[in-house]
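Reader: Got a minute to go through this model with me? Put it up and let's start.

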Amino acid sequence: MLNKIKYALRRFMYGRNGIDTLSHVIVFIYFTLFVVNLFLNLDILVYIGYVFFVWFLFRTFSKNLRARHKENAWFKARIRSITNLFKPNKRSASSKSRTKSKSTSKKQTKKKPTVDKHHVIRTCPVCKADLKVRKIKGERYVLCPSCNTEVKIKV
Ligand SMILES: [Zn+2]
């Protein structure tokens with residue numbers, strides 16, 4: 001019986017977003033509002049709580065995975081850039097990946113350096129990390145290894 005429910009639930013969740021980092025934070029905010037409102041007892045906080053709860057349900061059961069992943073990656077990138085502000089010694093993710101190509105005595109232009117004949121550097125629009133991509137003219141989608149998002153790039 002319990003297995004049957006588990007199986008049905010898994011089949012129902014197939015192809016849906018489920019609970020990611022952003023959803024965890026939304027639930028956290030929802031419960032925080034709930035607890036705060038035990039003391040304040042304000043109608044407005046109840047309604048704001050509903051909004052967060054509905055948002056949570058929407059994201060969990062959404063089938064538009066690309067859009068949800070993009071939101072989640074965007075959110076994680078914002079969190080990372082905020083936490084980086086408080087860690088002045090740590091390099092940002094983008095400068096870290098830039099030092100990977102330190103093999104050079106060649107001069108590199110600061111913005112979008114060309115790595116070799118067959119590759120070019122593009123910036124991930126979501127997390128701002130440098131992406132080394134094959135030099136094939138045109139627009140296409142590539143998977144950013146830093147934030148795991150499919151992003152559109154133009155070469
Ligand atoms: Zn990225």
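Reader: How many residues does helix α1 have, and how far does it reach?
Author: Helix α1 covers residues 2-13, so 12 residues by DSSP (helices are H or I runs of at least four residues, strands E runs of at least two, numbered from the N terminus). It reaches 17 Å from first C-alpha to last, close to the 16 Å expected at 1.5 Å a residue. The expected span is 1.5 Å times one less than the number of residues.

Reader: What's the ground rule on numbering and confidence?
Author: Residues are numbered from 1 along each chain as its sequence is written. The model is predicted: local features need pLDDT of at least 70, side-chain atom pairs count only at pLDDT 80 or more, and totals for chains, interfaces and linings use all residues.

Reader: Back to α1. How many of its 12 residues are buried?
Author: The count is 0, so α1 is hardly covered. Buried means 20 or more other C-beta atoms within 10 Å of the residue's own, exposed 12 or fewer, partly exposed in between, with C-beta atoms placed from the backbone.

Reader: And F53, where is that?
Author: F53 is in helix α3, residues 43-61. It is partly exposed because 17 other C-beta atoms lie within 10 Å.

Reader: New topic. In which sense do β1 and β2 pair?
Author: Antiparallel, over 5 bridges, with β1 at residues 119-123 and β2 at 130-134. Pairing takes at least two DSSP bridges. H119 stands opposite R134 in β2.

Reader: What does L131 touch?
Author: Leaving out residues up to four places away in sequence, L131 touches I121, R122, C124, V142, C144 and I153. Contact means C-beta atoms, placed from the backbone, within 7 Å.

Key: Two residues are in contact if their C-beta atoms, placed from the backbone, lie within 7 Å.
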